[in-house]
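The following exercises concern the interior of a protein model. Please work through each task before reading its solution.

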Amino acid sequence: MGIFSSTLKPKTTNAKKQIFILSGQSNMAGRGGVRIDIGVWNGLVPYECQPDPSKIRRLNANLNWETAHVPLHADIDITKTCGVGPGMSFANAIKDHITGVIHLVPCAVGGTAISQWAKGEKLYENMVWRAKAAVKKGGEIKAMLWYQGGNDTTSIEKATSYKTNMENLIHNIRSDLGLPSLPIIQVAVESCFVPELLPIVREAQKSINLPNVICIDSLGLALKHDNLHLTTGAQVKLGHMFADAYLTNFVEPFAHVVGGEFTSCYNCCC
């Protein structure tokens, strides 16, 4: 299972909010268990994604905290049908290894390109607005989990500008939230629209070299018949990959610190 199955004694949980932003497009919003052709979710929730009212909360569309449950993005990605994403398996995997209660802030919207997440655009500003609302009553934003890129394989212009756009997003979100070292864990995408352009986007994602930016690789995770969306099982595995990356790089006693900075390389992508 990885880092989160360690035999080390878990830290004591208290009421401190540990806030995580979940953002990107459809595979973050969750399409596990969804029949895309008819827009119906089968309602099956894996064991690893079960709710835990005492330890895992979510910020709903009305900016109220509630017990987190699948589908996390049902009231955020409202024009699509949402199912299982990586958020709940991530939260369940780290909950006994951090101090505090996990508070998830869903922001992902399916079918979006990186340009739609530029500063000033509706999706970006809504993400910042929700993140700021999450900390108003206390707590700390611990990381942003980002899974996006498939829609940038639709043209050579989008693919070749991906790295610059993603780096701008990282700088902007850190600046606007006043968190210059905010940990960001992104996914090197596997699914695409134009296969010839996929390597360009993947290389852009893997080559970002900024402090506290981690890249995990979705290559090899099972896709549904549409070859775009992860299966339910793959979403669970991705959540565990996010958890490994977060614990390994940003949580003592798991984290490795080199020269005063957290390591910026996760073995799934290097």
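**Exercise 1.** Is Lys95 buried or exposed?

*Solution.* The model is a predicted one. Step one is to locate the residue: Lys95 lies in the loop between α2 and β6 (101-106). Step two is to consider its relative accessible area, which is 16%. Step three is to apply the cut-off: buried means under 20% relative accessible area, so Lys95 is buried. Step four is to look for a polar partner: the side chain of Lys95 makes a polar contact, at 2.8 Å, with the side chain of Asp52.

**Exercise 2.** Determine which residues have the most contacts inside the largest nonpolar core, and which helix gives the largest share of this core.

*Solution.* The largest nonpolar core comprises 76 residues. Those with the most contacts inside it are Ile94, Leu104, Met127, Ile185, Leu238, Phe242 and Tyr246. Helix α7 (residues 232-250) supplies the largest share, ten residues. As an example, examine Ile185: leaving aside residues up to four places away in sequence, the residues it touches include Met144, Trp146, Ile214, Phe242 and Tyr246.

**Exercise 3.** Describe the largest cavity by volume, lining and residue class.

*Solution.* First, the count: there is one cavity of 30 Å³ or more. Second, the volume of the largest cavity is about 50 Å³. Third, its lining consists of Met28, Ala29, Val70, Leu72, His73, Gly83, Val84, Gly85, Pro86, Gly87 and Met88. The elements that contribute two or more residues to this lining are α1 (26-29) and α2 (87-94). Finally, sorting the lining by class yields seven nonpolar, four polar and no charged residues.

Notes
Residues are numbered from 1 along each chain as its sequence is written. This is a predicted model: local features need pLDDT of at least 70, side-chain atom pairs count only at pLDDT 80 or more; totals for chains, interfaces and linings use all residues. Side-chain values use heavy atoms; hydrogens and water are left out. A nonpolar core is a set of buried Ala, Val, Leu, Ile, Met, Phe, Trp, Tyr and Cys residues joined through side-chain atoms within 4.5 Å. Buried means under 20% relative accessible area, exposed over 50%, partly exposed in between (1.4 Å probe, protein chains only). Helices (H or I, at least four residues) and strands (E, at least two) are DSSP runs, numbered from the N terminus. Contact means heavy atoms within 4.5 Å. On a 1 Å grid over the protein atoms alone, a cavity is a set of points where a 1.4 Å probe fits but cannot get out, and a pocket is an open set with protein on both sides within 12 Å along at least five of seven lines; lining residues have an atom within 4 Å of a point. Grid points are joined across faces, edges and corners, and a volume is the space filled by probe spheres set on the points. Ala, Val, Leu, Ile, Met, Phe, Trp, Tyr, Cys and Pro count as nonpolar, Asp, Glu, Lys and Arg as charged, and the others, Gly among them, as polar. A polar contact is a pair of N or O atoms within 3.5 Å; within protein, one must be able to donate a hydrogen and the other to accept it, and residues adjacent in sequence count only if both atoms are side-chain atoms.
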